[in-house]
Amino acid sequence: MPYGPDPNAVHPNAAVPSVCFIKNVVTRKNISIGDYTYYDDPDGAEDFEAHVTHHYEFLGDRLVIGKFCAIARGITFIMNGANHRMNSVTTYPFNIMGHGWEKCTPTLEDLPFKGDTVVGNDVWIGQDVTVMPGVHIGDGAIIAAESVVTRDIPPYHVAGGNPCRVIRKRFDDALIDYLLALKWWDWDAEKIFCNLEALCSGDLEQIRTVTELGGQPAR
């Protein structure tokens with residue numbers, strides 16, 4: 001018996017071809033995507049990597065996205081390769097134009113480097129969002145459409161705007177702590193299937209009653 005879609009399918013539902021499990025189409029070694037995370041774009045969801053810009057292996061930064069994320073069309077992840085030298089009179093990249101200007105090629109130490117860009121699990125990113133280098137978006141966060149994410153967003157918070165700012169918590173601290181400990185996204189497919197009602201219920205207390213197969217507490 002199947003317990004949900006095949007996580008290794010490119011398009012989990014043939015009736016919705018705009019939705020793609022992007023783990024199965026990414027080719028770059030410096031991008032890591034979790035199971036069931038999808039990108040929705042009727043203009044070609046399989047081309048997700050085109051939305052990750054300025055991503056050069058020699059810099060060593062990675063884009064890491066967790067499981068069960070929902071990413072809407074128009075996403076742009078800008079990576080560290082987009083950065084210009086900022087500790088000099090001009091930020092202009094003379095070196096890339098050649099013709100002798102390469103004598104002023106900056107060293108890696110001259111360039112701002114923000115590290116890996118990390119998106120947690122169960123994150124919803126709205127349409128036309130831009131994520132800047134080195135940002136960390138916590139588990140369960142929601143990013144409003146057309147936001148520019150320039151700083152870290154805590155788990156289970158709603159954020160939006162340009163620059164993106166926290167708007168509110170999704171739940172109280174006790175439930176957020178419970179969900180972060182629960183890590184439902186790490187359950188196997190059968191356990192998720194058996195607890196879908198609790199995961200999708202507007203009655204938030206239902207999640208505290210879910211049990212593992214065999215009757216043991218979910219935690």
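A polar contact is a pair of N or O atoms within 3.5 Å; within protein, one must be able to donate a hydrogen and the other to accept it. The exercises below use this predicted model.

**Exercise 1.** Find where Thr-117 is placed, decide whether Thr-117 is buried or exposed, and state which backbone nitrogen lies 3.0 Å from a polar atom of its side chain.

*Solution.*
1. Thr-117 belongs to strand β8.
2. Its relative accessible area is 0%. Buried means under 20%, so Thr-117 is buried.
3. The backbone nitrogen in question is that of Gly-134, 3.0 Å from a polar atom of the Thr-117 side chain.
4. Leaving aside residues up to four places away in sequence, Thr-117 also touches other residues, including Phe-77, Met-79 and Val-131.

**Exercise 2.** For His-99 and Asp-128, give the sign of phi, the loop, and the exposure class.

*Solution.*
1. His-99 is not a glycine, and its phi is positive, near 60 degrees.
2. The loop that holds His-99 runs between β7 (76-78) and β8 (117-119).
3. With a relative accessible area of 83%, His-99 is exposed, because exposed means over 50%.
4. Asp-128, also not a glycine, has a positive phi of about 60 degrees.
5. Asp-128 sits in the loop between β9 (124-125) and β10 (130-131).
6. The relative accessibility of Asp-128 is 36%, so Asp-128 counts as partly exposed.

**Exercise 3.** Identify the type of peptide bond that joins Asn-162 and Pro-163, and locate Pro-163.

*Solution.*
1. Omega is about 0 degrees for this bond, and the peptide bond between Asn-162 and Pro-163 is cis.
2. Pro-163 is in the loop between β14 (157-160) and β15 (165-169).

Definitions and conventions:
Residues are numbered from 1 along each chain as its sequence is written. This is a predicted model: local features need pLDDT of at least 70, side-chain atom pairs count only at pLDDT 80 or more; totals for chains, interfaces and linings use all residues. Side-chain values use heavy atoms; hydrogens and water are left out. Helices (H or I, at least four residues) and strands (E, at least two) are DSSP runs, numbered from the N terminus. Buried means under 20% relative accessible area, exposed over 50%, partly exposed in between (1.4 Å probe, protein chains only). Contact means heavy atoms within 4.5 Å.
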